[in-house]
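Visitor: I'd like to go through this model with you before I set anything up. Could you put it on screen?
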Amino acid sequence: MSQRSSGFGWFILLVAGLAVLTFIFRPPAPAETGTDPAALAEARKATGGAQTLEDILARQRGEDVDLSFRREFGQPGADPDAPLALAPLGGASDPDLWRALRYDAADVNVSAGGDVAKVLVQDGGMAWYEFRKGPLATYGGWLLIGTIIALAFFYMVRGRIGLDEPMTGRTVTRFQAIERFAHWLLAGSFVLLGLSGLLTLFGRFFILPTFGPELNSQLLIAAKFVHNNLAWPFMLGLVMVFVMWVWHNIPDRTDITWFAQAGGIIGKNHPPAKKFNGGQKIIFWSVILLGASISLSGLSLLFPFELPLFAKTFAIINDTGIIQWLGYGALPTDLAPQEEMQLAQAWHAIVAFVLMAIIIAHIYIGSIGMKGAFDAMGSGEVDEAWAHQHHSLWLDEVKAREARTGKKSPDTGATPAE
Amino acid sequence: MKAMLSGFAAMILLAVGAWYGLNEMGFSSADKQSGANVRLD
């Protein structure tokens with residue numbers, strides 16, 4: 001039987017090609033202009049260890065200055081009880097106190113608010129803000145735009161994937177009602193969560209300057225309501241989909257064939273597949289793993305300061321020694337409550353961008369990209385010709401089961417050919 | 001299509017239920033992050 005490729009392999013090649021081009025044409029690394037740390041340390045001798053103008057200028061030039069000296073509080077050897085000899089507080093000088101507050105090292109007592117209120121200066125907030133409006137918004141935005149452009153290009157080159165054989169008019173039930181219910185519960189909430197999340201991130205850059213603060217504010221209030229409350233149907237849908245489909249998504253040898261033929265690019269036949277082919281398994285595990293990670297960090301954000309995740313995670317990663325083995329320093333494990341929230345937000349957004357890009361491709365292939373694909377999740381019924389082309393092993397299983405039990409799938413059309 | 005519409009309807013019901021339920025249970029930001037000694041409360 002003459003069959004055309006599904007085109008998925010071409011799509012993978014296209015994405016890989018774009019990734020290579022992105023790597024080749026990446027912006028050049030900035031030239032090394034760092035000031036010698038030893039020279040900076042030597043200059044500090046003239047100020048008794050305090051930072052110098054050179055330190056400040058180096059930081060303003062964007063150089064990476066080692067500021068650990070500023071966290072060395074007190075003067076070793078100084079008598080703290082020497083009244084007025086050195087400063088109003090003796091050996092423990094006022095600048096020490098201010099620097100301790102500055103670096104969240106002071107022994108602060110508060111009557112209410114707990115550990116969160118003890119943090120008076122939290123400069124991690126600035127780094128988080130810079131990251132959020134800089135790399136996160138830039139790379140995240142381009143990832144989504146790039147995915148849409150790649151899909152549009154793919155559509156122009158490949159067109160809609162059709163059927164090699166004419167429709168038979170006989171249908172088989174691809175997904176039961178409860179499966180479709182869970183899929184749309186998950187899909188509907190994910191789309192709205194994605195849009196409200198994008199609005200929260202990009203509203204300040206695009207909506208506010210164009211339409212003014214009033215509209216942006218109203219949209220953000222709505223986005224916050226949607227984002228906070230649709231988290232629950234998303235998590236329920238994720239659990240339902242996992243329970244119903246995990247068995248069908250365990251990798252097996254048919255996936256080797258599927259990937260060896262790159263979903264149909266190598267050779268002229270469609271690789272045989274069970275209920276889910278190799279590409280769909282990638283989608284499934286992406287949704288489950290990334291969705292679970294987004295849910296965890298989302299819960300941490302939904303209940304602020306109640307579910308800190310990162311200090312413990314970093315401690316476990318440090319214990320594995322992998323980070324150190326790769327030549328990096330240990331990850332910080334002494335995090336302020338605010339830092340936990342900042343890291344949770346950053347991780348939440350990074351993983352969400354990756355999952356959004358994957359889901360955009362999933363939506364494409366499930367709608368305009370492939371003829372007959374939407375029926376599987378729309379009515380749940382697919383034509384046997386479609387099932388044979390894309391999931392031949394699964395169709396054989398369904399037919400064998402029908403022959404064994406003498407029952408046909410619900411809503412099946414005419415008698416099976418066999 | 002009924003399954004799809006049911007999924008969307010359940011999504012809305014769960015969201016509204018979560019919003020109402022969590023607020024009733026005292027999980028709003030005002031309940032958790034504020035108190036009698038905070039002037040905005």
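**Walking through the model**

Visitor: What does the secondary structure of chain A come to?
Guide: This is a predicted model, and in it the secondary structure of chain A comes to 17 helices and two strands.

Visitor: And how much of chain A counts as buried?
Guide: Of its 418 residues, 26% count as buried. As for the contacts in chain A between residues at least 6 apart in sequence, 68% of them join residues at least 24 apart.

Visitor: What is the mean pLDDT of chain A?
Guide: The mean for chain A is 85, with 87% of its residues reaching 70 or more. Among the elements of the chain, helix α1 (residues 8-24) of chain A has the lowest mean, 77, while α9(A) has the highest, 97.

Visitor: Where does pLDDT stay under 50?
Guide: That happens over residues 411-418 of chain A, for which the model has 15 contacts beyond four places in sequence. Where pLDDT is low, the predicted coordinates should not be read in detail.

Visitor: OK, cores. Which residues have the most contacts inside the largest nonpolar core?
Guide: That core has 31 residues, and those with the most contacts inside it are L186(A), L230(A), F234(A) and A352(A). At least two residues each are supplied by α7 (177-211), α9 (231-245) and α14 (337-366) of chain A, and also by α1 of chain B. The largest share, nine residues, comes from α7(A).

Visitor: What is A352(A) in contact with, leaving aside its neighbours within four places in sequence?
Guide: With those set aside, A352(A) is in contact with G197(A) and I294(A). There is also a second, separate core of 21 residues, which includes F175(A), M370(A), A376(A) and W386(A).

Visitor: Since chain B came up, how many residues does each chain bring to the contact?
Guide: The contact takes 15 residues from chain B and 17 from chain A. On the side of chain B that touches chain A, the largest share, 11 residues, comes from helix α1 (residues 2-24) of chain B. By class, that side of chain B has 10 nonpolar and five polar residues, and no charged ones.

Visitor: Back to α9(A). At what angle do its axis and that of α11(A) cross?
Guide: The axes of α9(A) and helix α11 (residues 278-302) of chain A cross at roughly 150° and come within 10 Å, and the crossing is left-handed. From α9(A), the residues A231(A), M235(A), L238(A), F242(A) and W245(A) meet a set in α11(A) that includes F284(A), I288(A), G291(A) and L302(A). By class, this contact has nine nonpolar and three polar residues, with no charged residues.

Visitor: M244(A) is in that helix too, so is it buried or partly exposed, and why?
Guide: M244(A), whose place is in helix α9 of chain A, counts as partly exposed because it has 15 C-beta neighbours inside 10 Å, and a residue needs 20 or more to be buried. Beyond its neighbours within four places in sequence, M244(A) is in contact with E179(A) and A182(A). M244(A) and I178(A) are 66 residues apart in sequence, yet 9.2 Å apart in space, C-alpha to C-alpha.

Visitor: Last topic, backbone geometry: which residues have a positive phi although not a glycine?
Guide: One of them is D104(A), with a phi of about 55°, found in the loop between α4 (94-102) and α5 (114-118) of chain A. Another is F305(A), at about 70°, whose place is in the loop between α11 and α12 (310-320) of chain A. D104(A) counts as partly exposed, with 19 C-beta neighbours inside 10 Å, and F305(A) counts as partly exposed with 15.

Notes: Residues numbered from 1 in each chain as written. Chains lettered and ligands numbered in written order. Predicted model: local features only at pLDDT ≥ 70, side-chain atom pairs only at ≥ 80, totals over all residues. Contact = placed C-beta atoms within 7 Å. Helix = DSSP H or I, 4+ residues; strand = E, 2+ residues; numbered from the N terminus. Nonpolar A, V, L, I, M, F, W, Y, C, P; charged D, E, K, R; others polar. Buried ≥ 20, exposed ≤ 12 C-beta atoms within 10 Å, placed from the backbone. Core = buried A, V, L, I, M, F, W, Y, C linked by C-beta atoms within 7 Å. Axes fitted to C-alpha atoms, helices over the stretch in contact; angles between N-to-C directions. Left-handed = near helix turned anticlockwise from the far one by under 90°. pLDDT = per-residue confidence, 0-100.
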